[in-house]
Amino acid sequence: MAKRDYYEVLGISKSASADEIKKAYRKLSKQYHPDINKEAGADEKFKEISEAYEALSDPQKRAQYDQYGHVDPNQGFGGGAGGGFSGGGFSGFEDIFDTFFGGGGRQQDPNAPRQGSDLQYTMRLKFKEAVFGKDAEIEIPREENCDTCHGSGAKPGTTPEKCSHCGGKGSINVEQNTPFGRVVNKRTCQYCNGTGKEIKEKCSTCHGKGRVTKTKKIKVKVPAGVNDGQQMRVSGEGEAGINGGPNGDLYVVFVVIPDEFFEREADDIYVEVPITFVQATLGDEIDVPTVHGKVRLKIPSGTQTGTTFRLRGKGVPHLRGNGTGDQHVIVKVIVPKKLDDKQKEILREFASTTGDKVDEQTSGFFDKMKRAFKGD
């Protein structure tokens with residue numbers, strides 16, 4: 001089945017801002033998270049949403065997706081991180097370029113040590129795991145040197161020999177007729193695949209490749225304060241190097257699952273807490289949950305809905321450096337929808353004692369509205 005457009009998955013336009021992408025992801029991930037939504041298909045929907053967010057939240061990945069869609073732009077062009085036009089219909093042009101401008105300078109020793117490929121692992125974290133960090137053990141499939149032949153590809157007791165076709169260079173010269181005349185092109189030796197070596201008796205474990213795929217368990221310490229989309233480099237845990245070269249690195253990318261109650265902005269946390277109109281009018285003390293535990297918050301009398309209180313040091317630990325962010329508590333005054341006759345009478349009596357008038361601050365606001373309607 002063809003993949004759906006990432007913008008369609010998140011329900012946003014292609015011109016959506018980074019904040020709009022994040023808000024759409026938070027909303028949908030809460031709706032379809034498997035721990036919350038037990039309906040059939042919710043798990044696959046959540047994976048689709050996470051994949052779309054991972055692509056669109058990264059500016060570089062988003063630009064690539066906008067240009068190429070779901071197609072890997074490196075396919076058909078020689079692959080690898082270097083990109084370029086080393087394959088397909090451009091090889092003839094590259095050969096001519098090498099002939100006229102001395103392309104031999106780019107020829108690498110096939111037996112020289114080379115660093116192994118880097119790997120990437122996506123780790124999903126719960127909200128509080130990202131706040132406080134955790135010790136985790138992950139499993140990654142990666143290519144490692146064969147233990148039987150120690151990476152040579154040859155049967156134990158034998159050694160690879162210099163390729164008789166390319167003389168150990170890993171490439172051969174091929175003559176070709178072009179509009180510029182007959183030129184000599186360098187091509188990868190098809191007999192040794194550019195290694196410069198021939199293996200007469202192959203290793204029975206790796207079948208001459210010198211490398212095998214293994215699942216490696218790696219312990220990772222997630223630091224406190226990581227945020228969605230950030231990554232951590234684990235040095236030397238990528239694929240094995242070639243010809244004795246160093247291992248590549250492992251990059252762990254964090255995807256933080258949104259919380260039902262807490263919202264995070266940088267290292268600050270925001271929460272909405274309901275209070276009754278009696279509490280807002282007369283004042284009160286309420287318990288407010290934070291990621292650090294319960295906190296007692298004093299609500300002054302006359303508090304209006306939307307008022308924000310700050311709890312210092314109750315946010316997210318700073319990832320780099322000392323200190324912790326704050327938690328911001330936004331109170332929402334809840335008006336009762338159903339009142340009995342006695343409660344209605346009490347409110348009517350209260351309204352009569354105030355003369356059904358508004359205070360000076362509210363009065364000034366309505367005066368501004370009147371002038372706006374009149375065009376003053």
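# Briefing: sheets, salt bridges and a surface patch

In strand 15, His 328 is the bridge partner of Arg 310. That pairing belongs to a predicted model. The protein chain has 376 residues, with nine helices and 15 strands. This briefing starts with the whole chain. It then takes two sheets, the salt bridges and a nonpolar patch.

**The chain as a whole**

- Of the 376 residues, 31% count as buried.
- The chain exposes about 24400 Å². Carbon and sulfur atoms supply 50% of that area.
- Take the contacts between residues at least 6 apart in sequence: 63% of them join residues at least 24 apart.

**The four-stranded sheet**

- Four strands form an open sheet in the order 10-11-15-14, and the pairing is mixed.
- Its edges are strand 10 (263-265) and strand 14 (308-311), each of which pairs on one side only.
- On average, neighbouring strands of this sheet are turned by 30° against each other, direction ignored.
- Strand 11 (residues 268-276) and strand 15 (residues 327-334) run parallel, joined by eight bridges.
- Two bridge partners can be located along this parallel pair. Val 273 has Val 331 of strand 15 as its partner. Thr 276 has Ile 334, also in strand 15.
- Strand 15 pairs with strand 14 as well, here in the antiparallel sense and over four bridges. In strand 15, His 328 is the partner of Arg 310.

**The three-stranded sheet**

- A second open sheet has three strands in the order 1-9-8, again with mixed pairing.
- Strand 1 (119-125) and strand 8 (231-234) are the edge strands, and each pairs on one side only.
- Neighbouring strands here are turned by 25° against each other on average, direction ignored.
- Strand 1 pairs with strand 9 (residues 250-256) in the parallel sense, over seven bridges.
- To find a place in strand 9, look at Phe 254: Met 123 stands opposite this residue.

**Salt bridges**

- Side chains of opposite charge can pair when their charged atoms come close.
- The structure holds 26 salt bridges. Three pairs and one network follow.
- *Within a helix.* Asp 43 and Lys 47 meet through their side chains in a salt bridge of 3.7 Å, N to O. The two are separated by about one helical turn because they are four residues apart in helix 3 (residues 42-56). Asp 43 has 36% relative accessibility, so it counts as partly exposed. Lys 47 is partly exposed too, with a relative accessible area of 42%.
- *Between strands 7 and 2.* The side chains of Lys 217 and Glu 139 form a salt bridge at 3.9 Å, N to O. This pair links distant parts of the chain: Lys 217 lies in strand 7 (residues 211-222) and Glu 139 in strand 2 (residues 134-145), 78 residues apart. Glu 139 counts as partly exposed because its relative accessibility is 46%.
- *Between strands 13 and 12.* The side chains of Arg 296 and Glu 285 meet in a salt bridge of 3.4 Å, N to O. This pair also links distant parts of the chain, with Arg 296 in strand 13 (residues 293-299) and Glu 285 in strand 12 (residues 284-290), 11 residues apart. Arg 296 is partly exposed, at 49% relative accessibility. Glu 285 is partly exposed, at 41%.
- *A network.* Salt bridges link Arg 4, Glu 8, Lys 45 and Glu 48 in a network.

**A nonpolar surface patch**

- Phe 277, Val 278, Leu 282 and Leu 347 make a nonpolar patch of about 340 Å² on the surface.
- Helix 7 (residues 277-282) gives the largest share of the patch, with three residues.
- Leu 347 sits in helix 8 (residues 341-354).
- Why does Leu 347 count as partly exposed? Its relative accessibility is 35%, and the partly exposed class lies between under 20% for buried and over 50% for exposed.

Notes
Residues are numbered from 1 along each chain as its sequence is written. This is a predicted model: local features need pLDDT of at least 70, side-chain atom pairs count only at pLDDT 80 or more; totals for chains, interfaces and linings use all residues. Side-chain values use heavy atoms; hydrogens and water are left out. Patches are made of residues with over 30% relative accessible area and no salt bridge: like charges are joined within 9 Å, nonpolar side chains (Val, Leu, Ile, Met, Phe, Trp, Tyr) within 5 Å. Accessible areas come from the Shrake-Rupley method with a 1.4 Å probe; for residues, only the protein chains shown count as cover. A salt bridge is a side-chain nitrogen of Lys or Arg within 4 Å of a carboxyl oxygen of Asp or Glu. Buried means under 20% relative accessible area, exposed over 50%, partly exposed in between (1.4 Å probe, protein chains only). Two strands pair if DSSP finds at least two bridges between them. Axes are lines fitted to C-alpha atoms, for helices over the stretch in contact, and angles run from 0 to 180 degrees between N-to-C directions. Contact means heavy atoms within 4.5 Å.
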